[in-house]
Amino acid sequence: MRGTRVIITAQNLKWAYHAANAMTGFATSVIGCGVEAGIERELPTDETPDGRPGVSILMFAMGSKVLMQQLETRMGQCILTCPTAAAFAGIEGEDKINLGKNLRYFGDGFQTSKLIDGRRYWRIPVMDGEFLTEETTGMMRAIGGGNFLILATSQPAALAAAETAIEAMKQVPNVIMPFPGGVVRSGSKVGSKYKTMFASTNDAFCPTLKGATNTELSPEIESVMEIVIDGLTFEDIALSMKVGIEAICNLGANSGVKRISAGNYGGKLGPHLFKLHDILNGNKS
Amino acid sequence: MNALTLTLKQAPAYTVNCSGLTPNLLASKSVAEIADIQLNYGNSLVSVGELFEITGSDAQHLVFKNASDKLDYIGANMTSGKITVAGNAGAYLGFNLKNGEIHCQGNTEAFAACNMVSGLLRIDGNTGDFLGAGSEGLRKGMRGGTVIVKGNAGDRVGDQMRRGLILIEGNVGDYCGSRMIAGTIGVLGNLGAYTAFNMHRGTLLLKSLPKLHATIQDCGSHTLPFLSLLFKSFAQYNTQFSTLNTQRVQRFVGDAAYKGNGEVLILATKG
């Protein structure tokens, strides 16, 4: 996968979030959305290029071409349009991809370029004043689809544990959990009985199919939630998984969580294997 | 190692072309070899040894002592190292400067930073006309780098300037930013007539409103976010520009006579 980071700033955090939420909307899975994106963290004013409050966004795609297309489209529809928002490069990657480079043409000849400390910015006149964006951002090789499953005795228990894990994992840099609230209920397996489908429901982990399929669930399991993690490096994802699983374990035996597992898809999806025991023991897989 | 120091024995009667004396050109030369270098002097030649007393050995830091305004082309085509001019410099200081730093502790004649490409040029005193402009016949002036002038500058500052940053703490003469193509010029003092004449693009950042001609058009007062980035970049140079903090400016655009999209920003006195 390829990943990038963009810093979004605005007059205040409220509008930075409006911009960032729009930009990372409909970006849960590369399969249907083109990219997986999410808000990495809030940035205080002393961490942003223009000294305004902001957030950092991570965006991942299967290839550089898709990532570039999606980034430019989302910049144009979500950041350019959002009052007071500005966009800056958030990563010094091995390669550069366009951030505002082509958006400048929206300025219809009134756009202005500024080269400041070796970085090129574009000032595009818009109705609220000026839209400021850096010309490019970095892109680097990244990893998507790290995951673990939370198996619990009830749906509320599974979700509560997932929420706890997500809150802890949000503190880890360089990762995002791109699904709604960071949690997936519709984990998938590779393939389907239908020829046109590349993926279908993970029946081995569906609690209502325990008697009808080759189940992975013990009788007391009534609900399973999945947390999917995209990160810039293997170590980032491994740390995030460790933090999340430990947060669930800290809930204790009465939380209703009976097991933590993970989908490895028979090793058919990607070259990276995150072995949970090794991760929790601090060993690199 | 001590800086390689060239101390002028007496003020020359004619101009001397010092373009052969840069850190990158002197790096592998002995003192004897440096003393034998021939420089253009008026309509004849003179050796370095005749003009200068040579001390020190670190060619990466070259010092001109007792420097005079007859010393032209100091730092021309320089690609690395540092030059300190203790005294005044002649014309074309930092001509086609490609990298490195030049610090002139006195005044300079015209065409300082002419055709400059990159690097840093500091002038503690005043400088003449055509600061950061192009040499005769060229359609592009300064193409990059940073110029800082603590004193005043003459006419035609940044004429046809293409890229880079010029910061002037004092006053400037007429035609500041004339035919400017891009880049940024900041002036904290007063300006003469015809500021931004035939300006194409680029930014003039001024503290006082000069008398502008009719084809520079007022676009009103605005808060421009990019100024925070610009001011942050000024901080490293330790000048009066480092104290700027308002993003509130009155914006003029022009030169309309040239279908120009350059801007003249007048800093608000209060943020």
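## A tour of chains A and B

Begin in chain A of this predicted model by selecting strand β10, residues 143–152, which is joined to β15 of chain A by 4 bridges, the two strands running antiparallel. Within this pairing, pick out A:L151 and look across to A:R259 of β15(A), which stands opposite.

Now widen the selection to the sheet to which these strands belong: it is an open sheet of 4 strands with antiparallel pairing, and the order in chain A is β11-β14-β10-β15. At its edges stand β11 (175–176) and β15 (257–261) of chain A, each of which has a single partner strand, so one side of each is left without a neighbour in the sheet.

Next add helix α4 of chain A, residues 155–169, which lies across β10, β11, β14 (223–231) and β15 of chain A, and which runs at about 20 degrees to β14(A).

Stay in this region and select A:I150. Which residues does A:I150 touch, leaving aside those up to four places away in sequence? They are A:A158, A:A161, A:A162, A:V224, A:M225, A:I248, A:V257 and A:I260. A:I150 is also among the residues with the most contacts inside the largest nonpolar core, together with A:I8, A:A19 and B:L131, and this core has 158 residues. Colour domain 1 (2–141) and domain 2 (144–280) of chain A separately, and note that both give residues to the core, so it lies between them.

From here, turn to where the chains meet: 14 residues of chain A are in contact with 11 residues of chain B. On the chain A side, the elements to select are β6 (112–116), β7 (119–126) and β8 (129–134), which are those giving two or more residues to the side that touches chain B. Sorted by class, that side of chain A has 7 nonpolar, 2 polar and 5 charged residues.

Finally, move into chain B and select strand β12, residues 163–168. Is this strand mostly covered or mostly open? It is mostly covered, with 6 of its 6 residues buried. In a regular strand the side chains alternate between the two faces of the sheet. In β12(B) both faces are covered, since B:R163, B:L165 and B:L167 on one side are buried, as are B:G164, B:I166 and B:I168 on the other.

To see the partners of β12(B), add β11 of chain B, residues 143–149, which is joined to β12(B) by 5 bridges and runs parallel to it; here B:I148 stands opposite B:L167. Then add β13 of chain B, residues 184–187, which pairs with β12(B) in the parallel sense over 4 bridges, and where B:V187 stands opposite B:I168.

How values were computed: Residues numbered from 1 in each chain as written. Chains lettered and ligands numbered in written order. Predicted model: local features only at pLDDT ≥ 70, side-chain atom pairs only at ≥ 80, totals over all residues. Pairing = 2+ DSSP bridges. Contact = placed C-beta atoms within 7 Å. Axes fitted to C-alpha atoms, helices over the stretch in contact; angles between N-to-C directions. Core = buried A, V, L, I, M, F, W, Y, C linked by C-beta atoms within 7 Å. Buried ≥ 20, exposed ≤ 12 C-beta atoms within 10 Å, placed from the backbone. Domains from an automatic or database assignment. Nonpolar A, V, L, I, M, F, W, Y, C, P; charged D, E, K, R; others polar.
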